[in-house]
Every structure is written in C-alpha cells, then in structure tokens.
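Student: Hey, can you walk me through this one? I'd like to start with how the strands are put together.

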Amino acid sequence: MGLGGGPNGAKATFKHKFASAFRDFDTLTDARTTVGVSRAQTLVVVDGNVLVMQTPSSVDTFAAYVGVLVNQINGAIQAGAHVVVVFDEPGAMTRAKQEEQKARDARRTPQTPVCSDDLVACPTDDNYRKTELEATGLNVRLLINHRPARARFYDALCVAVLEHLRTNLRVTEGTSWSVTFDGVDGRGADRPQGAAREVGILSSHPEIWDAVLAREQPIGEGDLKLTDVCHRVYQQRVAHPDSPLASVLLNILWTIDTDSFLIELLQQSRREARPEAADRNELTLLCLREPARKRKGEVVPSSAYFQCIDMQSFYDEVMAYVYGANVQLGSRADFAQRKQHTAALLAASVALCGCDFVQVRGMRCDLVLPCVRDVARNDPAALQTMAGVFTGNAGDVRTAGDGIRAVIHNFLDSICGLGGRMNKTHDKASAYNDLQILRACWITSYWLGYEFKEVTNWGFCHAALDT
C-alpha cells in the first residue's frame, strides 16, 4: 500500500534529501507541543483503516478491538481537541483501485480455516448481528479478512468506541473534545440484515461536524479524506470565524500510507498559492506510525513511534532542491504557480516509480528527483503542461503527459551508457507506454481531488472490468 519502498524508494529518498522536515516523536502530543500549538488549536485526522488493521496480532475479539481503538483515539484526543477518524467508502471507491484490492484480498482469505457447511469459522458476508460479534470463540481478525463482512464490523466498532469515550473519557489539557467517524453507518451492527448500508457521519458533536463533512460527491479512499477534512475545516474557519473550529491552526494526519507524501505535497502547494498571507497560516504534520520492531539479537523490541513530517518545511525543501534556496522567478504569485506545477510533476514522476495505480519498471525515486529538477528548471513548456491536472478537465489533464514524458526521457538519458545494472534499468524503463502516462496523469489529478470515473479511458483496462 502506497509508494514503492526500499532504500531507493520514495520514503527513504525523501528522508535523505529533505531530512530537516522529518522528526520522530513518541506521541502526537509531543509533536504538537514541539510545534508550539495548543491542544484547542489542533485537529487530528486519523486513517481508521490503519487503526483497525494495525492492531496487535494478539487482538482477536470484538471487546479487545474496542479497547485498542479507545486507547489509540484517546491518545489522539490528548493531542487535539478535535479528532476525525476517516474510513474508506467501498461504494464510492474508484474502479481503478479494484485490481490492487483483489490482490490484497487474495492474500488474506486463505488465512480463514475451511470448515464444514454447518460450522463456519467467522461471518464472511454482511449477514450477522452484534451478538455474533461478541460470541465467545469468534476470531474477529479472521472476519476482517473478508471484505463483504468488514463494513458492518467497522460500523459496530465505531459505535462501541464512541459510547465508551462518552462515558469514560478524561483529558489532561482542557475539557473540550470532539470525536467524529467519517464513513460509517451509525446504526452499527443493529442495522437490519439485508438493509442497505447508509454511510455518513457518527459524531460526539453532530451539530458541528454534520455540516462540515457533508459532501455532494463521496470520497472512496480514506487517504484522500485526510486532506479533504483539513480543507473543509479551513473553509469553515474562513466562512464562520465564530465556529468552534475557527481556532484550528495545526492539522495532524495519522496514517501509514506513503501516498500521503505526494497528496499533502500537492495540498501544500495549494496553500502556498493562496493570495492572502493569513490564509497561508495553516500547519500540517504528516505523522506516519512506525510499529515496534525487534531486531535480530534484541531481547526487547523498540517502541512504536511517529515519524512526523512538517509539510511546509518539506515543501520548502523540495522547492529549494529544485530552484535554489534564494531563487524566486517572477512575482510571488507567478513563482507560487510554477512551484505548484513542480509539485505536480514530482508527484506524477514518483508515482511512476511504483504506487498502487501505476509503475514503470526500472524507474527509481532517487534517480528520478534530479530529472524532475532538470525539467522544472530548463523546460518551462513541459512544466507548464502540469497546470492541466489542477483543472478537473479531462483534456487539460491529458496534456500533462508531455511534462511527465519529458521526465522519463530525461531519466533514460541520465542512465544511458552507465553500464552494469543500469543497462537493465534503461531497458526496462524504455519499454514504458502511453497507457502508463495516462495513468500518471489520472492519479495526479485524483490526488488533487478530481476523479474521472471512466477509468478505461485512462489506461486501467483490467482494473475497470465489472465483477
């Protein structure tokens, strides 16, 4: 899930190139305190799929899952007065994601024991009740492996967690708090069997959050919701200065999905392009949860922690890498726009190095960054084509293919003749095709919030087939 990994992957390359934007913290409260922002000024947006799927392997009952999520969300509440936990919405999921999900499901399903017809290890579809979830001996971890059964469990879990928090929550700084689940059915497991799932908002303060998170078009993927929630809170702050959310200055995003590096880089480019300086006063920390690890020879594993990336610092470092620390080309507005196009070019190029949607074999993030820099500096016509991905117009988005193709050709030229393993790398990358370029255009636009539903027009021939 996310961008290509390893020592030459996106995360490792970004940490090496832009190290001052990275810092590790034991808790989100530690991160917020270091930034110097109060709890009342902080919004925490959490990827709920991560919370559920990253629970310890020893957790296998419904009650235990409730306990783990209560503890995790309580940590988020200590960091920020407002917590929003976002979930995928399968009914709104882009069809381009189906291929990747099918492969992931195929890896999980065989873990469920095969039983006779009169004895089932766990529910495998949507037809079960809360009493079955709480039954002694039911292994909820196995249930989650079955996508048709997962949504009702998520709904029941969120209902139970919110009930527990309402009854028992204590905060160490201030008394105000709100917790909202975005992308669940508030009826939980009490939804009648056979009844359609009604995805919406479940909140401790619906009078605040129902209006803020009301979307005309649903968002399928939770990692896109992370940035969408922040933007909606910003809009609320501007439009309603007396709102309880008007004091929010810091966004803390809790996830493990490395796609968020590029999604938030693009979002930061939008913030930097706002004409008023006061509107650019919005801080975002991307906080990647790193699990406890036990290295070879160690008796006690290292503790889990958050690797936090200051997105304003990250964005500034990326642009300093491309243009130099003290360079400004033209007016502030013109240069902000040029940097915005550069962020889009980088996002598309890194996506081609491997993500859930596209990959050009042989392309590596560490070798691609200098190529993005060269094109951004020296080929203004190619860079300008990236303006298309910000329009939401399919024809304009396709023109961005010229800029993306320029980076690929620059990459091929940079490794041509180096010999050794680079000959194989060159051969692999030179076999790229126009469908991959289309996919890169689509994914960059998608990360900006513009989704084109007819994915067969964007190179997703197999993923788009009806099932």
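Tutor: Sure. Two strands count as paired if DSSP finds at least two bridges between them. Keep in mind this is a predicted model. By that rule, strand 6 and strand 7 (residues 283–290) pair in the parallel sense, over six bridges.

Student: Which residue is the bridge partner of Ile252 in strand 7?

Tutor: That's Leu285. To get from strand 6 to strand 7 the chain goes through helix 11, and this β-α-β crossover is right-handed.

Student: And how many bridges does strand 6 make with strand 2?

Tutor: Five, again in the parallel sense; strand 2 covers residues 42–47. Thr42 sits opposite Leu250 of strand 6.

Student: Which way do the strand 6 side chains point?

Tutor: Leu250, Ile252 and Trp254 go one way, Asn251, Leu253 and Thr255 the other, and all are buried. In a regular strand, side chains alternate between the two faces of the sheet.

Student: OK, helix 11. Is Glu272 buried or exposed?

Tutor: Glu272 counts as buried because its relative accessibility is 15%, and the cut-off is under 20%. Beyond its close sequence neighbours (within four places), Glu272 contacts Arg280, Gln312, Tyr315, Arg332 and Ala336.

Student: Switching topic: how many disulfides?

Tutor: Zero, with sulfurs required to be within 2.5 Å. For Cys355, the nearest cysteine sulfur is that of Cys353, 9.6 Å away.

Student: Why is Cys365 not bonded to Cys353?

Tutor: Because their sulfurs are 5.5 Å apart, too far for a bond. Cys365 is buried, at 2% relative accessible area, and Cys355 is buried too, at 13%.

Definitions and conventions. Residues numbered from 1 in each chain as written. Predicted model: local features only at pLDDT ≥ 70, side-chain atom pairs only at ≥ 80, totals over all residues. Heavy atoms only, no water. Buried < 20%, exposed > 50% of the residue type's maximum accessible area, 1.4 Å probe, protein only. Contact = heavy atoms within 4.5 Å. Helix = DSSP H or I, 4+ residues; strand = E, 2+ residues; numbered from the N terminus. Right-handed = clockwise from strand over helix to strand, strands pointing away.
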